[in-house]
Amino acid sequence: MQSLEISVRLHTDPDSIKNNSKDYGNLGQEIPSAVLYPSSINDIITLIKLANNLSTPFTIAARGSGHSVRGQASARGGVVVDMKSLRIITGNGIKISRNPDSLGFYADVRGEQRWIDILFATLEHGLAPVSWTDYLHLTVGGTLSNGGISGQSFLHGPQISNVLEMDVITGKGELMTCSKHTNSELFYAVLGGLGQFGVITRARIVLEKAPSRAKWVRLIYNDFSKFTQDQEHLISIANGPNYVEGSLITNHTSPNNWRSSFYSPSHQSKIFSLSRHTQGLLYSLELVKYYDHDHDLDAIDQELESLLKELNYIPGFMFKKDVSFVNFLCRVGSRDSTQSTEEEKIEAHPWLNLFVPKSRVSDFNTGVLLNIIHRCNLISGPILFYPLSRKKWDDRMSAVTPDEDIFYALGLLHTSYMSNESEIFDKVNDEIIEFCEEGGIEVKQYLPHYKSRKDWIKHFGPKWSVFQEMKMKFDPKMILSPGQRIFNLV
Ligand SMILES: Cc1cc2nc3c(=O)[nH]c(=O)nc-3n(C[C@H](O)[C@H](O)[C@H](O)COP(=O)(O)OP(=O)(O)OC[C@H]3O[C@@H](n4cnc5c(N)ncnc54)[C@H](O)[C@@H]3O)c2cc1C
């Protein structure tokens, strides 16, 4: 009976198939047999149970915003679950409560909800989550399956470190509540678990009082070691900034880009002329100090001044803004992968995201940032580089980091416009990974994409056996998120 009910929600029309065959990466197609538009979580439970009952089960992928770039939310020949349809049918429904133990607040949000909607819903109560991504049109299920990192992660940990409880439909079709204390194996497996163990339908997220404003600063360096020393100093001091990131400015990349239009035209030309004169790579450190309307404005300015006094940026190359908290968090505008102008149809995103251990950042700068990225005059798009602190990541979670206290996130966010350009960027990406392998730099991919089981085993390292064990326990028929190509290599 239930399977009859979901059959009306399973669509095989060409538009449904086409819209769920590609993702933001636009690097290829993985064609599903059908798309489920669920009206409730029971529809997802029914679908997963249906697959389990077959001798040859079909695969199932939850698709959040489809902002993966390598087909991770696809299900070739299987069923894609369009999580967005739950959002449309069931509306906002974010519940905010006070935690009786810690007296802090939390929000119960659904897996299909986008962080931008959570921001506005929590702000109505003067509260907000503590850990973000740069871009907020991503879903809770999508970022918790990876990590969810941004400039607040050094302080609060990634988004996966700020979850108190979840409801998950496992690969066997069982709805389970899990937390550190209840079904903890499932809880830790799902956090950074690349969608392998279950579909997240609810997450309980830590909230704090929301600040109202942000002092937002960018500082320019031409010396890599001064840049990283200052970043590491800022993430280690008490009462330091609330946000620290960094990026690269090459001769071929504009200081402003789709990720953020921070600089005025005159500041842009000042930076351009510096980059022409130095002929080298420039590094931009980005920091933010939050404050409230009722804060003493002189005091916040003084706090910022004393932070800046300790830093070694190029004199005269400090740029400041004072913006609302919301405008700061919403600095990266909507980048809908289904937009359909001619340009966007041919735009592809062969991104590479790596975590680099601190002990090798200097070698990484010489070999990768200077010799590969800077010399490759094709690179277009933002290049992020900022430090994270491993003590904010719980090692029991599936997410993988280098084995050092501090590591750096590199985000190489290429955009290719011509049909063969993405292959060129992929060659650059391969060259970077080969350089690290040959030089013994133990990087880990974030939002990983591998082609062989051997590479996955290496990626997970000591966590592989637990990861495999959890798969056997919660999704033994290998039904979920086949597009990650971990257990469903094609
Ligand atoms: C423009 C842009 C900016 C980005 N910025 C950042 C950033 O600042 N920080 C950062 O950390 N990442 C960033 N990302 C990467 C992003 O976090 C991941 O690609 C994330 O997976 C995208 O979320 P999504 O909702 O689109 O997930 P999808 O791409 O739809 O899915 C990703 C994976 O999660 C699984 N999944 C989806 N929903 C669920 C669910 N409810 N339960 C279980 N599994 C599920 C899918 O099956 C798939 O395996 C960015 C990506 C883009 C395109």
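## A salt bridge between two domains

Let's start with Lys-473 and Glu-185, which form a salt bridge whose closest N and O atoms are 2.4 Å apart. Please keep in mind that this is a predicted model. The pair is easy to place once the domains are laid out: the protein chain is divided into domain 1 (2-86 + 471-484), domain 2 (88-209) and domain 3 (213-329). Lys-473 therefore falls in the 471-484 segment of domain 1, and Glu-185 in domain 2. Across the interface of these two domains the rule finds 1 salt bridge.

Polar contacts also cross this boundary, where 11 residue pairs are found, both partners being at pLDDT 80 or more. On the side of domain 1 that touches domain 2, α3 (41-52), α4 (84-90) and α17 (464-474) each supply at least two residues. The biggest giver there is α3, with 6 residues. By character, the residues of that side divide into 12 nonpolar, 8 polar and 6 charged.

## How domain 1 meets domain 2

How far apart do the C-alpha centres of domain 1 and domain 2 lie? They are separated by 21 Å. In terms of residues, 26 from domain 1 are in contact with 28 from domain 2.

The size of an interface is often given as the accessible area lost when the parts come together. Here, domain 1 and domain 2 bury about 2,300 Å² between them, with 64% of it on carbon and sulfur atoms. Within domain 1, the residues that lose the most area to domain 2 are Leu-86, Phe-474 and Leu-480, which together account for 27% of what that side buries.

## Around the ligand

Now to the ligand, which has 34 residues around it; of these, Ala-62, Gly-64, Ser-68, Thr-139 and Tyr-446 come nearest. Ser-68 places a polar side-chain atom 2.5 Å from an oxygen atom of the ligand.

Backbone atoms take part as well. A backbone N or O atom of Asp-134 lies 2.7 Å from a ligand oxygen atom, while a polar backbone atom of Ile-200 is 2.8 Å from a nitrogen atom of the ligand.

## Links in and around domain 3

A search of the whole structure finds 29 salt bridges. One of them joins Glu-286 and Arg-218, with the closest N and O atoms 2.9 Å apart. Glu-286 sits in strand β13 (residues 282-291) and Arg-218 in strand β11 (residues 213-221), so this pair ties together parts that are 68 residues apart in sequence.

Asn-242 is another residue worth a look, found in the loop between α9 (224-236) and β12 (243-249). What does its side chain approach with a polar atom? The partner is the backbone nitrogen of Tyr-290, at 2.7 Å. Leaving aside neighbours within four places in sequence, Asn-242 is in contact with Gly-151, Gln-152, Phe-154 and Leu-155, and also with Val-288, Lys-289 and Tyr-290.

Note on methods. Residues numbered from 1 in each chain as written. Predicted model: local features only at pLDDT ≥ 70, side-chain atom pairs only at ≥ 80, totals over all residues. Heavy atoms only, no water. Contact = heavy atoms within 4.5 Å. Buried area = accessible area lost by both parts, 1.4 Å probe. Salt bridge = Lys/Arg side-chain N within 4 Å of Asp/Glu carboxyl O. Polar contact = N/O pair within 3.5 Å; in protein donor to acceptor, adjacent residues only side chain to side chain. Helix = DSSP H or I, 4+ residues; strand = E, 2+ residues; numbered from the N terminus. Nonpolar A, V, L, I, M, F, W, Y, C, P; charged D, E, K, R; others polar. Near = heavy atom within 4 Å.
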